Amino acid sequence: MLILLQGGRVVDPAHDRDAIGDVFIEDGRIVAAPTDGRRPDATYDLRGKIVMAGGVDLHSHIAGSNVTLAREIMPELPALAAAGGVDIAPSPATWGSYATGLRYAQMGYTTVIEPALIPTHAIEAQIELAAIPIIDVGALGILGNDDYSLGLLRGTGDASELQDYVAWTLSHAKCLGLKVINAGGAEAFKFNVRTFSLDDEVPDYGVTSRAIMRAMQKAVTDLGVPHPVHLHCNNLGVAGNADTALATMEAAEGLPIHLAHIQFYGYGKEGPKGLSSAAPRIAEGIARHKNVSVDIGQVMFGQTVTISGDILRQFDGRNAANPKKWGLSQGEGNGTGVVPYKYRAKSFVNAVQWSVGLEIMLLADDLWRVLFSTDHPNGALFVRYPEIIQLLMDRNERARWLERLPQDAREVSNLAAIARELTYAEIAIITRAGPARLLGLQDRGHLGPGAVADVAVYVERDDKKAMFEKADYVFKDGRLVVRDGAVTEVTFGRAYHVAPGFDSKIERRVADFYDRYYGAKVSTFGVPDDIAARPHRFAKVPCQS
Amino acid sequence: MGDGAGALERAAELLGGARLPVIGGLLTDIAGAQAALALAQKLGGVVDHAAGTALTRAARIRRETGVCAASFGEVRNRADVVVILGDAPLDQDPALLDTLFPPHDGLPRPGNAKRQLIALGGRKPSAPKGVPLTSIEIGKGGLPAAIAMLAAGVGQRRFAFKDKSLQDKIESVADKLHTAAFAVFVYSAAELEEPVLHTVLQIVRDLSNKTRAAMLALPAPGNGEGVNLCSTWTCGLPVRTSFARGVPVHDGWLYAADRLIASGEADALLWIDGLDGKPSALPGRVPTVVLSARSGSHRRGDIVIEVANAGTDHEAALYLPAITGIGMVRPSGQGSGKPTVAAVLTRLSEIIDARGGR
């Protein structure tokens, strides 16, 4: 069936296209305009509307034992968020798997990456992901605080075995890439270390955070995994930690690295309260290091809950819990910390955080490397993306928000001086084309022939929040799944992963390791193809080596 | 008794026509739990698990205060002081001490103290070879008081107890906890009441201010933890949740299967018993459909549908203690040829749809 999306403004920055035009869909793919005079079977009149590729979110915690621990601790999250004015049904079910897929689709998102899959809990994560309707997914597997990796790094430093281990882990857990969270810090916490920086050594193992990061970068690069190491740096949330972020950029020594939720590292120590926006320094660092990409981790005021494998940091943050309850689950590798949190516009610290994220995005010289995220739910719930898009596209809206902030926060922020308003094409870069490219998902994030027919159509409005909250149409694999902001058909998508090759000797070694130290069989956490009992659930993304 | 299609039809008629059906037992794998939750949503029914009391208790602690847990693997490798609370942990897993104290070195761990075992308030266990054991026996029902004393001791709050010898022993345990690098309490939520669980959690948090400490719960039997997690990611709430009002509502007392049946509020029961392990007694008398993987787990008059045994007859996702999470279990044998719980529930749902019952 040939579908014609006719006469909309087609915003497709991957092809430098931003003009009124047509998009054709056939058999789930974008196709070129037929040259044989064939008439479309269905035509959508999209005059006055914006046509973009479906949204691609590269960092959103939507599944796995860590997320479900947070659901267990905070079933009231949707109710508290709703009470604070967020447009969300006040039911615990609202942050369950099913509702997650529907809401993403309503906003025009069609691919979402879960960025923290615990390898030993891969089964739960992949089953949860498979329960999320409509969207395609992928997961990043966590290593770098696990005893197997650290044992290799302490030992003879056999880089090839680490490379095999990374490859085995990504294949075994069916992950799209590698996540490293406060490299070595979570392991150090097990030895009762309470702060951990780039050149601190993991007790007993004697390996630094820097060395772990470098070894993982080398492994991922040599394996040809398209997505670079997705790094959660040390010292998250600490005043003055812009130094850590910048030192980490240097430490990457030119190899590709993705720094997650960079806003949480955008803090200087200036000002009367010892906290200031270091966004200009961060933006300058990103501009200078072409091997570096980031996502923002924008903060929005309101109730949320923080979920992180940075268990050291989460433990440190426990006293700021709101409501006053928190959870730590110390497990293999990183473990998980859950701390409910409410960002308040009247809080100096929270206001600075809010400003820093927007500043970094608005100061970016290359938005292909500065990507959109809230680190859902850590900075804000993903349902708040439309508000952030509005802030990025509308300086007057920013000015209205700034007025609500404490005077002292405004004094250490640079936001008032920034006039830039992002264009539709720039929004499409940071929410679609950029993340897809960085993830190695070449068939999405754009509207070129051959791309998967994931398309979002929005009615153009001055109120960008209203515009991006509810897509007018969403096509997933060429099927209409959302019309006028409401889901019309519930489909299920695919999970993308890499399967880099490895020396099969690693399988025996890892099996022996888990048997000896955990009394566990590795087969129990290997993800089978039929885990979702649906055909073609998994799709491989090729490695480049 | 009924066979195949006839039983399915009668089950669909009973459940589709019920005012408030309860789906109980839930001794099944994750796929079975997912299908059961979907059916409960369709029917406007209630889900509960055979271990619902313990699951609900633990869920409420998480909701009210949180959690400070360690995985089985972390405890096995890194805990230098392991405190077993009560009898339930070893009753439930008689091999527990041998797996927690393997006869070889573990992974690098904090401190260099010899690993030791403390048994508080249960029968004196036999410690694995070479593991120092301190066993503190307490009279029946005395465990909550002993744990409260321990909390006072750890918090360096003064307390006095009529049994001076017991008080001294508890104070010496508090000292050991303070000097431990990583102290872990092993317990079962089926044995400890909520206030006691809160106290243990508070001890762990007090210790954590200076050292490392955590809790390790014995998982609820019958894949209780797995089913409970599945319920949570599906609808945001643990078991003992009702879908009768459209949106899910959880209440550990109101939506207990046995209470709903005893009170007459529930008018039909779908009992799922599709796992190896100890059978659970069916709650009170009410028209019942039993999905059973074993003979004899039903009563006269029940509609019985035979199902396969998850994990032994077919591949199944189940909560596994060794990884403190959901893992995949592959059968070694040929399988029974019987349908899975998930397949039966999905078919049942289709028949109910076809009948236009809901």
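Me: Taking two residues to be in contact if their C-beta atoms, placed from the backbone, lie within 7 Å, which residues does A:Leu176 touch, not counting those up to four places away in sequence?

Reply: This is a predicted model, in which local features need pLDDT of at least 70 and side-chain atom pairs count only at pLDDT 80 or more, while totals for chains, interfaces and linings use all residues. Residues are numbered from 1 along each chain as its sequence is written, with chains lettered from A and ligands numbered from 1 in the order in which they are written. With that cut-off, A:Leu176 touches ten residues that include A:Ile113, A:His227, A:Leu439, A:Tyr496 and A:Val541.

Me: Where along chain A is A:Leu176, and is it buried or exposed?

Reply: A:Leu176 sits in the loop between α6 (159-172) and β9 (177-181) of chain A, helices (H or I, at least four residues) and strands (E, at least two) being DSSP runs numbered from the N terminus. A:Leu176 is buried, with 28 other C-beta atoms within 10 Å, where 20 or more make a residue buried, 12 or fewer make it exposed, and anything in between is partly exposed.

Me: What separates the C-alpha atoms of A:Leu176 and A:Lys540?

Reply: They are 8.6 Å apart, although the two residues are 364 residues apart along the chain.

Me: Switching to the interface, how many residues of each chain are in contact?

Reply: On chain A there are 45, in contact with 47 of chain B, and the elements giving two or more residues to the chain A side include α1 (65-73), β16 (326-330) and α18 (505-518).

Me: What does β16(A) pair with?

Reply: β16(A) pairs with strand β3 (residues 66-70) of chain B, in the parallel sense and over five bridges, pairing needing at least two DSSP bridges between the strands. Within β3(B), B:Cys68 is the bridge partner of A:Leu328.
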